[in-house]
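Me: I've got this model open on my screen and I'd like to zoom in on one part of it. Could you take me through the helix packing, and then whatever else is worth a look along the way?

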Amino acid sequence: MPRSIVSADPKAAYLAAKDAIDAAIRRVLDSGRYILGPEVEAFEREFAAYLGTAGRDAGAREETRGIVVGVANGTDALELALRALGLGPGDRVATVANSVSATAAAIVATGATPVFVEIDDATLLMDPGALEAAFVSSPGIKAVVPVHLYGQPCDLPSIVAIARRHGAVVVEDCAQAHGAACGGRLVGTWGDLAAFSFYPTKNLGALGDGGAVAGSNRPALEQVARLRQYGWRTRYVSEGPGRNSRLDELQAAILRAQLPGLDAANAHRARLAGLYSQLLAPASTRALLRLPTVAPGRTAVWHQYVVRSPRRDELRAHLESQGIHCGVLYPVPLHRQPGFAGLHASEAGLPRTEQACAEVLSLPLHPGITEADVRRVAESVLQKVEASG
Ligand SMILES: *Cc1c(COP(=O)(O)O)cnc(C)c1O
């Protein structure tokens, strides 16, 4: 039996930048500064520069240059961003139900209530038409959290315009989309604020937990910085609510070692995704397999390569029997989870979301995957689809 192909491989991401990461860790150990020191400050500056400059001309660069505040993880990034924008008890926050529990847990942690809106069937991302309808059917929506799922950017021009028209703020969930873009402008720069996760398997991952809030709303980002450390503006004096949600020096140094390689790592993912699409195209004309599509004008960073099949579980078992391990993101939509039950916006429920959750399958795509792996996986998928024919 050939070696097995795993569904995620954080160690491969470490090995790809091993020398730089090892040196960064040594530098922090020797420095004697382990919390909120020069590494966190430098990472915040460098990540802000990455978000602010990529894909833009020099004229636009200055006015849109952003600010980044490092926090403990992606869930905190979402929660603190919403709280800094004034969201709290009694408010409603529109988001989608095909995301990780963290998206809804962060909303609930502010005291607000999530309202799940339907997705677009082609992209599996928030449907702007359903968002518009939710503002009518669920009064009290004060914020929108679009999720750039699988590294695919949402329709940000439409979503931001709809939110503005209804007086709501936008907090982008960019946990799976570091470097993705809409019309040449990176995700994380469209909304009022954006939340990033640096969980080890994300496109930009730490070797532990990490997260960040990004944006250009200085007062809100200063509030995030106070919330992350006891409500302090200056040392030892709380000015308001706060807790401990700091990004530590080691993780910041590890992220700095990997940031210069992010675009190349994303390009590698895009090449492999292209190869999957090319190899699987012959089977995608059948009802048994649907391939992912990227909407025109958008750049995906392929956090996941997600196919759909009405016989997903059979396909998954077939791949498993050949030593190929696939993930399902996510099997249970948020409105079907006991913690968030019944919070969808429309009377009709969320049939497209539920169907997607029953059909999606992530083919292996991460820094440990080679072209030969992709060929082996694709061959196995084709074998199954043709046999089921
Ligand atoms: C990973 C993830 C989060 C949460 O990030 P953590 O760092 O694990 O707290 C939130 N939203 C999405 C879409 C994610 O993929």
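Reply: Here's a walk through three helix pairs, with the ligand site and a couple of backbone oddities in between. Keep in mind that this is a predicted model.

Let's begin with helix 11 and helix 14. Helix 11 covers residues 262-280 and helix 14 covers residues 371-388, and their axes come within 10 Å of each other, crossing at roughly 30 degrees. Angles under 35 degrees count as roughly parallel, and helix 11 and helix 14 are therefore roughly parallel to each other. The handedness of that crossing is right-handed.

Who's doing the touching? On the helix 11 side you'll find Leu-272, Leu-275, Tyr-276, Leu-279 and Leu-280, and they meet Glu-371, Val-374, Arg-375, Val-377, Ala-378, Val-381 and Leu-382 of helix 14. Sort the residues of this contact by class and you get 10 nonpolar, 2 charged and no polar.

Pick out Leu-279 for a moment, which sits in helix 11. Leaving aside residues up to four places away in sequence, Leu-279 touches Val-374, Arg-375, Ala-378 and Leu-382. For a sense of scale, try Leu-279 against Lys-11: they are 268 residues apart in sequence, and their C-alpha atoms are 27 Å apart in space.

Next up is helix 2 with helix 10. Here the axes of helix 2 (residues 18-31) and helix 10 (residues 249-258) come within 9 Å and cross at roughly 150 degrees. The cut-off for roughly antiparallel is over 145 degrees, and helix 2 and helix 10 are therefore roughly antiparallel to each other. This crossing is right-handed. Helix 2 brings Ala-20, Ile-21, Ala-24, Ile-25, Arg-27 and Val-28 to the contact, while helix 10 supplies Glu-249, Leu-250, Ala-253, Ile-254, Arg-256, Ala-257 and Gln-258. By class, that contact of helix 2 with helix 10 splits into 9 nonpolar, 1 polar and 3 charged residues.

The third pair is helix 5 (residues 74-84) and helix 6 (residues 101-109), whose axes come within 8 Å and cross at roughly 35 degrees. The crossing of helix 5 and helix 6 is right-handed. Thr-75, Leu-78, Glu-79 and Leu-82 of helix 5 make the contact with Ala-102, Thr-103, Ala-106, Ile-107 and Ala-109 of helix 6. The class count for helix 5 with helix 6 is 6 nonpolar, 2 polar and 1 charged.

Thr-75 takes us over to the ligand. The ligand is surrounded by 14 residues, and the closest are Gly-74, Thr-75, Asp-173, Ser-197 and Lys-202. Looking at individual atoms, a ligand oxygen is 2.5 Å from an N or O atom in the side chain of Thr-75. An oxygen atom of the ligand is also 2.7 Å from an N or O atom in the side chain of Ser-197. With Asp-173, a nitrogen atom of the ligand is 2.8 Å from a side-chain N or O atom. Thr-75, then, is among the residues closest to the ligand and also part of the contact of helix 5 with helix 6.

Last, two backbone spots to click on. The peptide bond running from Leu-329 to Tyr-330 is cis, with omega near 0 degrees. You'll find Tyr-330 in the loop between helix 12 (312-321) and helix 13 (351-359). The other spot is Tyr-150, where phi is near 65 degrees, a positive value in a residue other than glycine. Tyr-150 is in a loop too, the one between strand 4 (141-144) and helix 8 (156-165).

Conventions:
Residues are numbered from 1 along each chain as its sequence is written. This is a predicted model: local features need pLDDT of at least 70, side-chain atom pairs count only at pLDDT 80 or more; totals for chains, interfaces and linings use all residues. Side-chain values use heavy atoms; hydrogens and water are left out. Axes are lines fitted to C-alpha atoms, for helices over the stretch in contact, and angles run from 0 to 180 degrees between N-to-C directions. Helices (H or I, at least four residues) and strands (E, at least two) are DSSP runs, numbered from the N terminus. Angles under 35 degrees count as roughly parallel, over 145 as roughly antiparallel, 65 to 115 as roughly perpendicular and the rest as oblique. A crossing is left-handed if the near helix is turned anticlockwise from the far one by less than a right angle, and right-handed if clockwise. Contact means heavy atoms within 4.5 Å. Ala, Val, Leu, Ile, Met, Phe, Trp, Tyr, Cys and Pro count as nonpolar, Asp, Glu, Lys and Arg as charged, and the others, Gly among them, as polar. A residue is near a molecule or strand if one of its heavy atoms lies within 4 Å of it. A polar contact is a pair of N or O atoms within 3.5 Å; within protein, one must be able to donate a hydrogen and the other to accept it, and residues adjacent in sequence count only if both atoms are side-chain atoms.
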